[in-house]
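Colleague: I'd like to learn how to read helix packing and sheet order in a model like this one. Could you walk me through it?

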Amino acid sequence: DLAVIGGGITGAGVAQQAAAQGWRVLLVEQRDFAWGTSSRSSKLVHGGLRYLKEGDLKTTLHSVRERERLLREAPGLVEPQSFLFADCPGRKPGRWLMQAGLAVYDLMAGQRGHFHANLAATQMIAPGLAPPGLRGALVFQDAKTDDARLVLRVLQEARRLGATTLNYVAASGLRLEHGRTTGLDLQDTLDGKTYGVRARCVVNATGAWADRLRAEVGAAPLLRPLRGSHLLVPFWRLPVAQSISLMHPRDGRPVFLYPWEGATLIGTTDLDHREPLDTEASITPAEVDYLVDAVNDQFPGARLTPSDVTACYAGVRPVLDDGQKDASKATRDHVVRDESGLITL
């Protein structure tokens, strides 16, 4: 009934939902499940506070509701994460504007989850935090998850419901009849064998790679691939109990750092990714410096350097090309397109 291309969180979710309806489902992924963007995220299940800053209420509301649903449905896999935003005079967005945004954020979630901590309380819950002019902090709630584990959990549920999920099987092309998509040509990437599959519906859930399949039905490019890179440093080098959220002093972009699996994770950048998509995305020295500078602005006593970084990773976001000059302001809303029977998410 349904062939899904792409074994990230989007494809996994489609397969699981379709299998739950009793449909016969095949999902194929050309590499490991969650190999692409879905294992290279910031590990956060957030309500999109940054989207609220851009005035995108629709995306924020959708994200907050999805966060709350995941917290209810996947306890232990999706966990609450406390965030702290330093209150410093002269720094955007400013205490009162930030508090107003958090009030709307909480209203969307149907609960009050933020408060203002004075300077003494801030220094207690975030030792070493000392940006210029620190006078307190705003504390609010979001959530985090192991992104790849979440994908595997959803795929496991899809299989339990009867779906067939195969990795290392690539969709080499679409099958078209009378201008409509009727199936797929598949290739086993390990032994080279080829297969043909007929399907009543084909879903393109390949994320940043989606425009390739869309080109086969004559669709114009839709995406602007954006790279997000992250650093990991030893926890002893930068011990934090909360997630520290900030606006980068250089360009005002949101950056965060928080405890993750015995280390401290720092992210993220937001740059146009101009490298070939089949080449594994990687961080640049300029991005490392950008993230290190953000940490040292908040924790000047840490004197973090690139040599403190023990690991890094980068992923490519499938963001809509809406003509924005600033990559960070490009819309994060989702779209669903039906183009000659190929459904692209």
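Colleague: Let's begin with helices H3 and H4: is their crossing left-handed or right-handed?

Modeller: Keep in mind that this is a predicted model. The crossing of H3 and H4 is right-handed. Helix H3 covers residues 57-73 and helix H4 covers residues 95-109; they pack at an angle of about 50 degrees, and their axes are 9 Å apart. Because that angle falls outside the ranges for roughly parallel, roughly antiparallel and roughly perpendicular, H3 is oblique to H4.

Colleague: Which residues make that contact?

Modeller: From H3 come Leu 57, Thr 60, Leu 61, Val 64, Arg 67 and Glu 68, while H4 offers Tyr 105, Met 108 and Ala 109. Sorted by class, the contact of H3 with H4 has six nonpolar, one polar and two charged residues.

Colleague: Now for another pair. At what angle do H1 and H6 pack?

Modeller: H1 and helix H6 (residues 147-160) pack at an angle of about 25 degrees, with 8 Å between their axes. Angles under 35 degrees count as roughly parallel, so H1 is roughly parallel to H6. The crossing of H1 and H6 is left-handed.

Colleague: And which residues of H1 and H6 make the contact?

Modeller: On the H1 side they are Ile 9, Ala 12, Gly 13, Ala 15, Gln 16 and Ala 19; on the H6 side, Leu 150, Val 151, Val 154, Leu 155, Glu 157 and Ala 158. By class, the contact of H1 with H6 counts nine nonpolar, two polar and one charged residues.

Colleague: Let's turn to the sheet. In what order do its strands run?

Modeller: The general idea comes before the case: strands of a sheet pair through backbone hydrogen bonds, either parallel or antiparallel. Here, six strands form an open sheet in the order E7-E2-E1-E11-E19-E18, with mixed pairing. At the edges lie strand E7 (164-167) and strand E18 (337-339), each of which pairs on one side only. From one strand to the next, the twist averages 20 degrees.

Colleague: In what sense do E1 and E2 pair?

Modeller: Strand E1 (residues 2-5) and strand E2 (residues 25-29) pair in the parallel sense, over four bridges. To find one bridge on screen, take Val 4: the bridge partner of Val 4 in E2 is Leu 27.

Colleague: Which strands does helix H1 touch?

Modeller: Helix H1 (residues 9-20) packs on the sheet and touches E1, E2 and strand E11 (201-204). The direction of H1 makes about 170 degrees with that of E2.

Notes
Residues are numbered from 1 along each chain as its sequence is written. This is a predicted model: local features need pLDDT of at least 70, side-chain atom pairs count only at pLDDT 80 or more; totals for chains, interfaces and linings use all residues. Side-chain values use heavy atoms; hydrogens and water are left out. Two strands pair if DSSP finds at least two bridges between them. Helices (H or I, at least four residues) and strands (E, at least two) are DSSP runs, numbered from the N terminus. Axes are lines fitted to C-alpha atoms, for helices over the stretch in contact, and angles run from 0 to 180 degrees between N-to-C directions. Contact means heavy atoms within 4.5 Å. Angles under 35 degrees count as roughly parallel, over 145 as roughly antiparallel, 65 to 115 as roughly perpendicular and the rest as oblique. A crossing is left-handed if the near helix is turned anticlockwise from the far one by less than a right angle, and right-handed if clockwise. Ala, Val, Leu, Ile, Met, Phe, Trp, Tyr, Cys and Pro count as nonpolar, Asp, Glu, Lys and Arg as charged, and the others, Gly among them, as polar.
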